[in-house]
Amino acid sequence: MYCVNCGVKLPDGADKCPLCGTKAWRPEGAETAESTFPQNYPIQRKAAHYTAAGFLTVLAIAVCLSALIACLQTYGSIAWSGIVMLGIALGYLVAVVPLWFSKPRLTLFLILDFAGTCGYLLYICSYVGGHWFLSFAFPCTLIACLLCILTVYLYRYRGKGKLLLTGLFVILIGGCLMLVEFFQHITFHVPMFQWSLYCVSAFGLVGLFLILASLIRPLRAYLSKKFFI
């Protein structure tokens with residue numbers, strides 16, 4: 001905004017020109033940034049998050065108590081209600097707990113979520129008398145956790161070279177799926193290379209395409225504009 005008398009550029013919110021003292025002129029109906037963006041909007045949004053988190057907390061407690069009471073009356077023990085309650089607790093940890101924080105740290109919550117997943121799978125393994133937790137569920141969950149953390153780093157904290165890193169990341173996913181089949185092989189004694197080779201081939205081709213695209217400028221610009229990578 002400039003002074004209508006002497007043409008000096010006026011600072012934001014100035015009522016008169018600091019040079020000649022002429023009153024600042026604003027077009028009729030013009031609004032300031034403060035009136036365009038109300039100050040109470042973040043507070044309302046934060047309150048809405050707390051309201052949703054509180055409602056989901058009450059609902060989760062009600063469902064857990066209902067399952068526990070039903071099992072105690074029917075079987076005289078917690079029976080399957082333990083699986084239900086821990087499953088709801090895991091869902092609460094993943095979906096509701098972040099609502100209680102204004103700026104949750106995504107990496108920290110990912111670690112907590114996968115720790116809760118491991119605990120839930122361990123309980124199920126113990127409940128059914130299985131032997132698959134340490135040799136299959138735990139390493140597969142750990143692989144998934146590391147891949148998710150790497151995804152967060154790649155797309156949230158990495159500035160340049162995302163297309164090349166995405167190609168390498170896709171190839172890595174294919175290799176991890178072969179590891180999953182290996183853990184399946186040693187745990188459940190199923191034949192090896194029944195499905196992982198198809199995954200490695202598919203992910204490998206996609207990854208090689210992205211790597212080549214990162215080296216070809218027009219294709220790299222198109223993919224970066226299209227998919228924000």
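## Helix H3

Helix H3 is built from 15 residues, and the distance from its first C-alpha to its last is 21 Å, close to the 21 Å expected at 1.5 Å a residue. The buried residues in H3 are Ser81, Gly82 and Leu90. The model described here is a predicted one, and among the elements of the protein it is H3, covering residues 81–95, that has the highest mean pLDDT, 95, whereas helix H1, covering residues 33–36, has the lowest, 47.

Over residues 29–35 the pLDDT is below 50, and beyond near neighbours in sequence this stretch has one contact in the model. Where pLDDT is low, the predicted coordinates should not be read in detail.

## The protein as a whole

The mean pLDDT of the protein is 85, with 88% of its residues reaching 70 or more. The protein contains eight helices and zero strands, and the order of its elements from the N terminus on is α-α-α-α-α-α-α-α.

Of the 229 residues of the protein, 25% count as buried, and the protein exposes about 15600 Å², of which carbon and sulfur atoms supply 70%. When the contacts with a separation of 6 or more are considered, 47% of them are accounted for by residues 24 or more positions apart.

## After H3: proline 98

Proline 98 is found in the loop between H3 and helix H4, which covers residues 106–128. Leaving aside neighbours within four places in sequence, proline 98 is in contact with Leu93, Pro104 and Phe109. From C-alpha to C-alpha, proline 98 and histidine 49 are 9.5 Å apart in space, although 49 residues separate them in sequence.

## Threonine 141 and the cysteines

Threonine 141 is found in helix H5, and it counts as buried because its relative accessibility is 9%, under the 20% limit. Not counting residues up to four places away in sequence, threonine 141 touches Phe114, Thr117, Cys118 and Leu121.

Cysteine 118, one of the residues that threonine 141 touches, is itself buried, with a relative accessible area of 14%. The structure holds zero disulfides. For cysteine 118, the nearest cysteine sulfur is that of cysteine 145, 8.0 Å away, and a disulfide would require the two sulfur atoms to lie within 2.5 Å, so cysteine 118 is in no disulfide. Cysteine 64 is buried as well, with a relative accessible area of 14%.

## Helix H6 and its cover

Helix H6 runs over residues 162–188, has 27 residues and reaches 38 Å from its first C-alpha to its last, close to the 39 Å expected at 1.5 Å a residue. Its buried residues include Leu163, Phe169, Val170, Cys176, Val180, Glu181 and Phe183. What covers the buried residues of H6 includes helix H5 (133–157), helix H7 (196–215) and helix H8 (217–227).

Glutamate 181 is found in this helix, H6, and it counts as buried because its relative accessibility is 1%, under the 20% limit. Which residues does glutamate 181 touch, not counting residues up to four places away in sequence? They are Pro191, Met192, Phe193, Gln194, Trp195 and Ser196. With two of these residues the side chain of glutamate 181 has polar partners: the backbone nitrogen of tryptophan 195 is reached at 3.1 Å, and a polar contact of 2.2 Å joins the side chains of glutamate 181 and serine 196.

## The loop between H6 and H7

Histidine 189 follows H6 and is found in the loop between H6 and H7. Although histidine 189 is not a glycine, its phi is positive, at about 60°. Is histidine 189 buried or exposed? With a relative accessible area of 66%, histidine 189 is exposed, because this value is over the 50% limit.

Phenylalanine 193 also has its place in the loop between H6 and H7, and its phi is near 60°, a positive value in a residue other than glycine. The relative accessible area of phenylalanine 193 is 46%, which means that this residue is partly exposed, in between the limits of 20% and 50%. Phenylalanine 193 is, in addition, one of the residues that glutamate 181 of H6 touches.

Technical notes:
Residues numbered from 1 in each chain as written. Predicted model: local features only at pLDDT ≥ 70, side-chain atom pairs only at ≥ 80, totals over all residues. Heavy atoms only, no water. pLDDT = per-residue confidence, 0-100. Helix = DSSP H or I, 4+ residues; strand = E, 2+ residues; numbered from the N terminus. Contact = heavy atoms within 4.5 Å. Expected span 1.5 Å × (residues − 1). Buried < 20%, exposed > 50% of the residue type's maximum accessible area, 1.4 Å probe, protein only. Polar contact = N/O pair within 3.5 Å; in protein donor to acceptor, adjacent residues only side chain to side chain. Areas by Shrake-Rupley, 256 points an atom, 1.4 Å probe, with all protein chains shown as cover.
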